[in-house]
Amino acid sequence: MTKITIDSSSRKALAKIENLDKLTREGVEYAAYVSGKGLVKTTSAEILKKPKGGRVYTIRTASGRKRRHVASAAGETHANMTGKLRKTLSFKVAPTELEFGYGVTKNDAPDYAKSVEFGTSRMKPRPSLQNGINSETRNIETNFKQQIGKRLGNKL
């Protein structure tokens, strides 16, 4: 005959098993939130990062002053000229998804956002969002492992 005794440590394990769905969901949602913040921060930093590899232009500011602007090359994260597109970078977390892009929350993306990201017939794409995702992939995986593991007792 086998005897099973429930002590304090097994009660904790049973409680975690009963709350497994809730704990996992909390871990996923918080990991998505942390990952979204990281995506916005990294992509914004890459947009501001210099030097870019494209053409050099002389442009006039609103006050009429001339200045140099170095554009981005095809495939690079786009160069920041006014900051309007970069300021609309945002993310939103729903129970089953993380949405990241331009104008995801209250700020509407400028009309040219799609043209910059995917290109046009006259301009090759500057995939800023994809470049941000590529550079944050390892951090996103780590966030999910840590946050779910923290809630399940770091057994992952």
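In the predicted model, strands β3 (residues 89-94) and β4 (residues 97-102) run antiparallel and are joined by six bridges. The two strands form a hairpin, with two residues between them, and within this pairing Ser 90 stands opposite Gly 101 of β4.

Both strands also contribute to the largest nonpolar core, to which β3, β4, α2 (20-48), α3 (113-118) and α4 (128-151) each supply at least two residues. This core comprises eleven residues, namely Leu 39, Ile 47, Leu 85, Leu 89, Phe 91, Phe 100, Tyr 102, Ala 113, Val 116, Leu 129 and Ile 140. In soluble globular proteins, nonpolar side chains tend to be buried together. Among the core residues, Leu 39 is in contact, once neighbours within four places in sequence are set aside, with Leu 98, Phe 100, Gly 132, Ile 133, Glu 136 and Ile 140.

The arrangement of helices α2 and α4 was examined next. Their axes come within 8 Å of each other and cross at roughly 150 degrees; because angles over 145 degrees count as roughly antiparallel, α2 and α4 are assigned to that class. The crossing of these two helices is right-handed.

Helix α4 also contains Ile 148, a residue with a relative accessible area of 15%; since buried means under 20% relative accessible area, Ile 148 is classed as buried. The C-alpha atom of Ile 148 is separated by 44 Å from that of Ser 121, with the two residues lying 27 residues apart along the chain.

Conventions: Residues are numbered from 1 along each chain as its sequence is written. This is a predicted model: local features need pLDDT of at least 70, side-chain atom pairs count only at pLDDT 80 or more; totals for chains, interfaces and linings use all residues. Side-chain values use heavy atoms; hydrogens and water are left out. Two strands pair if DSSP finds at least two bridges between them. Helices (H or I, at least four residues) and strands (E, at least two) are DSSP runs, numbered from the N terminus. A nonpolar core is a set of buried Ala, Val, Leu, Ile, Met, Phe, Trp, Tyr and Cys residues joined through side-chain atoms within 4.5 Å. Buried means under 20% relative accessible area, exposed over 50%, partly exposed in between (1.4 Å probe, protein chains only). Contact means heavy atoms within 4.5 Å. Axes are lines fitted to C-alpha atoms, for helices over the stretch in contact, and angles run from 0 to 180 degrees between N-to-C directions. Angles under 35 degrees count as roughly parallel, over 145 as roughly antiparallel, 65 to 115 as roughly perpendicular and the rest as oblique. A crossing is left-handed if the near helix is turned anticlockwise from the far one by less than a right angle, and right-handed if clockwise.
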